[in-house]
Amino acid sequence: MTTVPTVTLNNGVSIPQLGFGVFQVPADETQRAVETALQAGYRHIDTAAAYRNEAGVGAAIAAAGLPREELFITTKLRNGEQATAAEAFEASRQALGLEVIDLYLIHWPVPSQDKYIDAWKALEKIYADGGARAIGVSNFLPEHLERLLAATDVLPTVNQIEVHPTFQQRELAAATRDAGIAVEAYSPLGQGADLTDPAVLAIAQAHDATPAQVVLAWHLAAGTIVIPKSVDPQRIAQNLAAVDVRLTDAEIESLNGLEAGARTGADPATAAFTQM
Ligand code: A2P
């Protein structure tokens with residue numbers, strides 16, 4: 001079976017560097033997709049209350065019957081529940097059927113509602129009580145990190161942000177790492193859009209690998225945690241095998257050159273969807 005490297009977070013907890021993301025997996029397909037991923041060898045699953053598919057993740061975990069300590073499960077606090085994080089956390093725990101969540105994240109800062117500091121204090125309590133083995137943030141820009149670090153006690157373990165070859169967010173990733181926080185990439189394949197780039201295709205051909213494996217290998221070489229999504233069993237397995245693809249420095253440079261400002265998601269400075 002494929003051996004996935006781990007990253008040690010700043011609180012000593014280990015996270016598998018490649019996980020399975022279920023953003024945009026429909027609720028009624030989630031159990032099957034996650035079961036497929038677990039059978040293929042993934043042990044890290046990334047969901048969120050806002051994805052409305054935590055119950056499917058929980059059903060797959062229960063059906064797989066794997067030892068709990070082999071799994072690493074992340075979920076996220078919905079934007080509209082930042083003022084009631086303790087209750088939201090309980091609902092996620094119930095939906096997932098888990099006593100302990102491995103990593104619990106604030107999904108978006110939503111600066112316009114100005115609640116993320118209080119939400120973080122609630123996450124600190126969840127962490128202190130043992131409900132989550134690690135806590136972190138997602139979509140935090142340097143100004144949000146700075147404010148959080150100045151106003152609270154526990155350093156976030158990760159900042160999950162959009163990163164892929166055509167949208168690399170180098171300054172944000174550097175600011176995150178400089179603060180001692182691991183970078184986790186969502187939409188690591190650019191939601192599929194980066195897979196047809198001629199540079200990616202050429203490197204894939206040279207390695208007899210798929211374009212997705214090349215892009216994932218680029219993330220892994222940078223030390224980034226990645227959570228590719230797929231509902232296709234063959235792609236689910238192929239994406240995991242990216243851990244065995246080693247790129248040359250020249251190939252990494254070539255992929256570094258693909259930056260194009262091609263954001264696929266929302267801008268965290270202005271994103272304010274509180275229904276999420
Ligand atoms: P599908 O679910 O039909 O496989 P991201 O993780 O960046 O959000 O990208 C997910 C998108 O990329 C989905 O549309 C997914 O489609 C597609 N995708 C995932 N893995 C592969 C792959 N190995 N080859 C081609 N497309 C892929």
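This section describes the sheet, the aromatic pairs and the surroundings of one lysine in a predicted model.

The sheet is open and is formed by 8 strands, which follow one another in the order β3-β4-β5-β6-β7-β8-β9-β10 with parallel pairing. The edge positions are taken by β3 (20-21) and β10 (225-226), each of which has a single partner strand, so that one side of each is left without a neighbour in the sheet. Within this arrangement, β5 (residues 72-77) and β6 (residues 101-106) pair in the parallel sense over 4 bridges, and K76 has L105 of β6 as its bridge partner. Helix α3 (residues 85-96) packs on the sheet, where it touches β5, β6 and β7 (132-138), and the direction of this helix makes about 135° with that of β6.

The structure holds 4 aromatic pairs, among them F23 with Y51 and Y116 with F140. In the pair of F23 and Y51, the ring centres are 5.2 Å apart and the planes stand at 40°, an angle between the limits of 30 degrees for stacked and 60 for edge-to-face rings, and the pair is therefore tilted. Because F23 lies in the loop between β3 and α1 (27-40), while Y51 lies in the loop between β4 (44-46) and α2 (54-64), the pair ties together parts that are 28 residues apart in sequence. The two residues are described separately with respect to solvent: F23 is partly exposed, with a relative accessible area of 35%, whereas Y51 is buried, at 14%.

For Y116 and F140, the ring centres are likewise given as 5.2 Å apart, but the planes stand at 75°, so this pair is edge-to-face. The pair links distant parts of the chain, with Y116 in helix α4 (residues 116-128) and F140 in the loop between β7 and α5 (142-151), 24 residues apart. Y116 counts as buried at 3% relative accessibility, and F140 is buried with a relative accessible area of 0%. The ring of Y116 also has a charged partner, since the charged end of R147 sits over this ring, 5.2 Å from its centre.

Helix α4 also contains K121, which counts as partly exposed at 41% relative accessibility. When neighbours within four places in sequence are left aside, K121 is in contact with A151 and T152. K121 and L148, which are 27 residues apart in sequence, have a C-alpha to C-alpha separation of 9.7 Å in space.

Note on methods. Residues numbered from 1 in each chain as written. Predicted model: local features only at pLDDT ≥ 70, side-chain atom pairs only at ≥ 80, totals over all residues. Heavy atoms only, no water. Pairing = 2+ DSSP bridges. Helix = DSSP H or I, 4+ residues; strand = E, 2+ residues; numbered from the N terminus. Contact = heavy atoms within 4.5 Å. Axes fitted to C-alpha atoms, helices over the stretch in contact; angles between N-to-C directions. Phe/Tyr/Trp six-rings, centres within 6.5 Å; stacked < 30°, edge-to-face > 60°. Buried < 20%, exposed > 50% of the residue type's maximum accessible area, 1.4 Å probe, protein only. Lys NZ or Arg CZ within 6 Å of the ring centre and 35° of its normal.
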